[in-house]
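Let's take a walk through this protein together, with the structure open beside you. We will go from the sheets to the helices that lie across them, and then to some side chains.

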Amino acid sequence: MKILHIIDSEGLYGAEIIIISLITELKRMGVQTSILNLRPCPENAPTIAKESRKHGLNFYIIPLRAGLDLRGAFKLLHYALCHDFDIIHSHGYKSNVLLGGIPKCIRKLPIVTTLHGYTNTDKKLSKMGLYEWLDRRVLSRMDAVVLVSPRMLSHPKLKTIKNVNYQVIENGIIIQPSTETADEPPPPEISDFSRDGFIIGSVGRLSQEKGHAYLIDAFQRIAPKIPEAKLLILGEGSLRQLFETKINEAGLQNRVLMPGYLENASRFMKFFDVFVLPSLTEGLPVTLLEAIRADKPVVATKVGSMTDFVKHGRNGLQVEPADMDALADAVEQIYHDKNLREPNEKTNADLLKQYSSERMASDYLRLYQRILQKQAL
């Protein structure tokens, strides 16, 4: 069995980490897999390429023009057919729209897509909103649409689409993380910032749906109550300037650090005293799995599968989304409660076993086999 995974990426974010974990496990199971990236190759190879090759995975690039490169759709299909792939596994709007627009009678190959989460929460017309709209128009043409959380089945944007073969396969993570980057010295600004104090950590894009605006508001309430508290947010995005202005106006610039995007952000979990995930929408984010793997107490909003994963009062606390007061209360509760700050190793170990990359890969393998059996009939 040969599977071609297609993604449009230049970084190493949650979806990319899940894809690499999946393909690594599939490779161990004897499945031949390759990753095809749609981004033009910059002077330095994209991070996902470095990470893929570090795991011994096949990684190739077919650069497409920006936007919807319709000719590029046939370039992708030609590549898959010429290299005798059995299934195309698409990850993301671009490859979904391009390949989903080709009639099945022409493309011949079955297509599976994984929806790692609809991220657009802005109701105004936007480029992201247009891509999501186009994406939903082609989902019924896919042989299977994988959702990473059963709660996504009730997503209002997905409930209205008819004749879609939805399958739920929750994300998984490699239980024992790679030690190759664990011992790398952290950037001095992070090690100096985290040397003392109570570190409130978060990882994610600086964009609306990740909810960091509410976390920053919550920190303004926490700061005078917990003088040793500091806020460390790892990630980059369009809202950086807005956040920096808010932090400076509150006079907290010496207690908040946003160092931007950093490769293998999970290696910085060791600096956190509590991990906060204030998202407004999610499936099952890999950063949450990484925090549990690092035995960190978690404060997470009640969205997606996070409500199943965070065991309230055992390995963390759950709060309603878009509620800065609830975020502040939860962080303060963990600060004052030594029992909540202690790792709940049994709970975390049981969760990691349930959400392992091996289990995830086995579920995908069974899905691939069902699709190929159906095609052979």
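In what order do the seven strands of the open sheet stand? Keep in mind as you look that this is a predicted model. The order is E3-E2-E1-E4-E5-E6-E7, and the pairing is parallel. At the edges you will find strand E3 (58-61) and strand E7 (166-168), each of which pairs on one side only. Going across this sheet, neighbouring strands are turned by 25° against each other on average, direction ignored.

E1 is a good strand to pause at. Five of its six residues are buried, so E1 is mostly covered. Its parallel pairing with E2 runs over six bridges, and within that pairing Ile 7 stands opposite Asn 37 in E2. E1 also pairs with strand E4 (residues 87-91), again in the parallel sense, over five bridges. There, the bridge partner of Ile 3 is Ile 87 in E4.

Now add the helices. H1 lies across E1, strand E2 (32-37) and E4, and runs at about 170° to E1. Helix H3 (residues 70-82) lies across E1, E2, E3 and E4, at about 160° to E1.

Another helix to look at is H6 (residues 127-138). Does its length agree or disagree with what its 12 residues should span? At 1.5 Å a residue they should span 16 Å, and the end C-alpha atoms are 17 Å apart, which agrees. Several H6 residues are buried: Gly 129, Tyr 131, Glu 132, Leu 134, Asp 135, Arg 136 and Val 138. What covers them includes helix H4 (93-100), strand E5 (111-115) and helix H7 (156-159). Lys 127 also has its place in helix H6, but Lys 127 is exposed, with a relative accessible area of 60%. If you would like a sense of distance, the C-alpha atoms of Lys 127 and Gln 354 are separated by 37 Å, with their positions 227 residues apart along the chain.

Let's move on to the other sheet. Six strands form an open sheet here, in the order E10-E9-E8-E11-E12-E13, with parallel pairing. E10 and strand E13 (316-319) stand at the edges; each has a single partner strand, so one side of each is left without a neighbour in the sheet. From one strand to the next, the twist averages 20°.

Inside this sheet, strand E8 (residues 198-203) and strand E9 (residues 229-234) run parallel and are joined by six bridges. One partnership to pick out is that of Ile 200 with Leu 231 in E9. Helices lie across this sheet as well. Helix H11 (residues 286-293) lies across E8, E11 and strand E12 (298-301), running at about 165° to E11. Helix H13 (residues 324-336) lies across E8, E11, E12 and E13, and its direction is at about 165° to E13.

Finally, turn to the aromatic side chains. A pair of aromatic rings is described by the distance of the centres and the angle of the planes. How many aromatic pairs does the structure hold? It holds seven. Take Tyr 13 and Tyr 261: their ring centres are 5.0 Å apart and their planes are at 50°, so the pair is tilted. Tyr 13 lies in the loop between strand E1 (2-7) and helix H1 (14-28), while Tyr 261 lies in the loop between strand E10 (256-260) and strand E11 (274-277), so the pair ties together parts that are 248 residues apart in sequence. Are these two tyrosines buried or partly exposed? Tyr 13 counts as partly exposed at 36% relative accessibility, and Tyr 261 is partly exposed too, at 26%.

Phe 272 and Phe 275 also form an aromatic pair, and theirs is stacked, with 6.3 Å centre to centre and 15° between the planes. Both of these phenylalanines, Phe 272 and Phe 275, are buried.

Elsewhere, Tyr 60, Tyr 79 and Phe 85 form one aromatic cluster. Phe 85 has a charged companion: the charged end of Lys 2 sits over the ring of Phe 85, 4.7 Å from its centre. A further example is Phe 193, where the charged end of Lys 230 sits over the ring, 5.1 Å from its centre.

Notes
Residues are numbered from 1 along each chain as its sequence is written. This is a predicted model: local features need pLDDT of at least 70, side-chain atom pairs count only at pLDDT 80 or more; totals for chains, interfaces and linings use all residues. Side-chain values use heavy atoms; hydrogens and water are left out. Rings of Phe, Tyr and Trp (its six-membered ring) pair if their centres lie within 6.5 Å; planes under 30 degrees apart count as stacked, over 60 as edge-to-face and the rest as tilted. Helices (H or I, at least four residues) and strands (E, at least two) are DSSP runs, numbered from the N terminus. Buried means under 20% relative accessible area, exposed over 50%, partly exposed in between (1.4 Å probe, protein chains only). A charge sits over a ring if NZ of Lys or CZ of Arg is within 6 Å of the ring centre and within 35 degrees of the ring normal. The expected span of a helix is 1.5 Å times one less than its number of residues. Contact means heavy atoms within 4.5 Å. Two strands pair if DSSP finds at least two bridges between them. Axes are lines fitted to C-alpha atoms, for helices over the stretch in contact, and angles run from 0 to 180 degrees between N-to-C directions.
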